[in-house]
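Colleague: I'd like to learn how to read domains, pockets and salt bridges in a model. Could you walk me through one?

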Amino acid sequence: MPELPEVEVVRLGLSPFLAGARVGNVRVFHERAVRRNEGDFSGELKDVEILHVSRRGKYLWLVTNGDMAVVIHLGMSGQLRMRSAHDADLAQFAQHPHLRLRFTLTDSQGKATFLDFLDQRTFGGMHLSPLVSVEGEKIPQSILHIARDPLDPHFSFNPFAQKLHRKKTEIKRALLDQSLISGVGNIYADEALWRSRVHGNFKADQLSDVVVEQLVHNVKEVMHEALEQGGTSFDSLYVNVNGESGYFSRNLNVYGRESEPCDRCGFPIERLKFMNRSSFYCPLCQSLEQGIA
DNA sequence: TTTTGGTCCTGGATGC
DNA sequence: TGCATCCAGGACCAAA
């Protein structure tokens, strides 16, 4: 499931192919992939030039020469794959059951390339949004509500901590709230909470500054480590632009490890149902009494 | 205004 | 073997 490190791996993979590329046509195979658009998605992109690829949290966007952005969210199972006109399986790939959208492009060298969007569970998609200037940056209007992510050089601890201290909800839910801090999903929230010895059900407004600072540090740390290993892949649902998996799943301490011994204390990892999804934690290291220190 | 829980969606895994 | 059910979870929305 793509969270911030996986999306950043995709952005890094796309950038050299897409910078300076011109859109020929866009073929939509599944309407859900463009469901957030009101206008003609394909028509508005005809002959548009892509300048570069940006990211905030789990959102990617292609900046075009018309001060417009193609905003992309991978959802749970979205994949972006670059293909050249010489790929032997290009035609066969067009029959792929999960292919939702295909860009035909001419890259900066004048060569034909293809950008495919595959999405098994169709939670992902893309839409057009005008770019607006905020704090000296150009951001798609549709994602102005998305907070800066912890790897953003302009991410600032104090505004996040102040907003967090006003939240009367559980810390895990707050970490997943993209308007507070973006890019954190279920996997990295569980991992950062384990590293911080904080139970996900602990109330956000009762955490001390010291613990919040440690938590932010651990969110950054786990994301940097995942990024270095190409992201987390459990199955074929997350791959980079070349179709390769990441290796960080081998380093997870709690996520997906129910009943296995905690790497720190040996107590069996437990699983809780939380917000219609699973939370993994160590009941000994992450008791509800911890978090105030 | 804030919190909370339901819904969307597909396909693999599991149980009967 | 075949069918039904469960499960995964990010974003959004509506009810409380």
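Modeller: Sure, we'll go from the domains to the spaces and finish with charged pairs. First, this is a predicted model, where local features need pLDDT of at least 70 and side-chain atom pairs count only at pLDDT 80 or more, while totals for chains, interfaces and linings use all residues. Residues are numbered from 1 along each chain as its sequence is written, chains are lettered from A and ligands numbered from 1 in the order in which they are written, and side-chain values use heavy atoms, with hydrogens and water left out.

Colleague: Into which domains is chain A divided?

Modeller: Domain bounds come from an automatic or database domain assignment. Here chain A splits into domain 1 (4-143) and domain 2 (157-281). Their C-alpha centres are 28 Å apart, and each side puts 20 residues into the contact (heavy atoms within 4.5 Å).

Colleague: How much area is buried between domain 1 and domain 2?

Modeller: Buried area is the accessible area (1.4 Å probe) that two parts lose on being put together, summed over both. For this pair the figure is about 1500 Å², with 66% from carbon and sulfur atoms. On the domain 1 side, P5, E6 and V9 lose the most area to domain 2, together 33% of what that side buries.

Colleague: Now the spaces. Where does the largest pocket lie?

Modeller: Definitions first. On a 1 Å grid over the protein atoms alone, a cavity is a set of points where a 1.4 Å probe fits but cannot get out, and a pocket is an open set with protein on both sides within 12 Å along at least five of seven lines; lining residues have an atom within 4 Å of a point. Points are joined across faces, edges and corners, and the volume is the space filled by probe spheres set on them. The largest pocket has about 630 Å³ of space, and it lies between domain 1 and domain 2 because both give residues to its lining. Of its 19 lining residues, K58, M76, G185, N186 and R277 lie nearest the centre.

Colleague: What classes of residue make up the lining of the largest pocket?

Modeller: Ala, Val, Leu, Ile, Met, Phe, Trp, Tyr, Cys and Pro count as nonpolar, Asp, Glu, Lys and Arg as charged, and the others, Gly among them, as polar. That gives 9 nonpolar, 7 polar and 3 charged residues for the largest pocket. The second largest pocket, of about 290 Å³, has R55, E137, D149, D152 and P153 closest to its centre, out of 15 lining residues. Its lining divides into 5 nonpolar, 2 polar and 8 charged.

Colleague: And which element gives the most to the lining of the largest cavity?

Modeller: That's β11 (277-281), with 3 residues; helices (H or I, at least four residues) and strands (E, at least two) are DSSP runs, numbered from the N terminus. The structure holds 1 cavity of 30 Å³ or more, with a volume of about 80 Å³. Its lining includes K172, D190, H199 and Y281.

Colleague: How many salt bridges does the rule find across the interface of domain 1 and domain 2?

Modeller: Side chains of opposite charge can pair when their charged atoms come close. The rule asks for a side-chain nitrogen of Lys or Arg within 4 Å of a carboxyl oxygen of Asp or Glu. It finds 0 across that interface, while the count comes to 18 by this rule. One pair is D177 with K167, whose closest N and O atoms are 3.9 Å apart. D177 sits in the loop between α5 (171-176) and α6, and K167 in the loop between α4 (157-165) and α5, so the pair ties together parts 10 residues apart in sequence.
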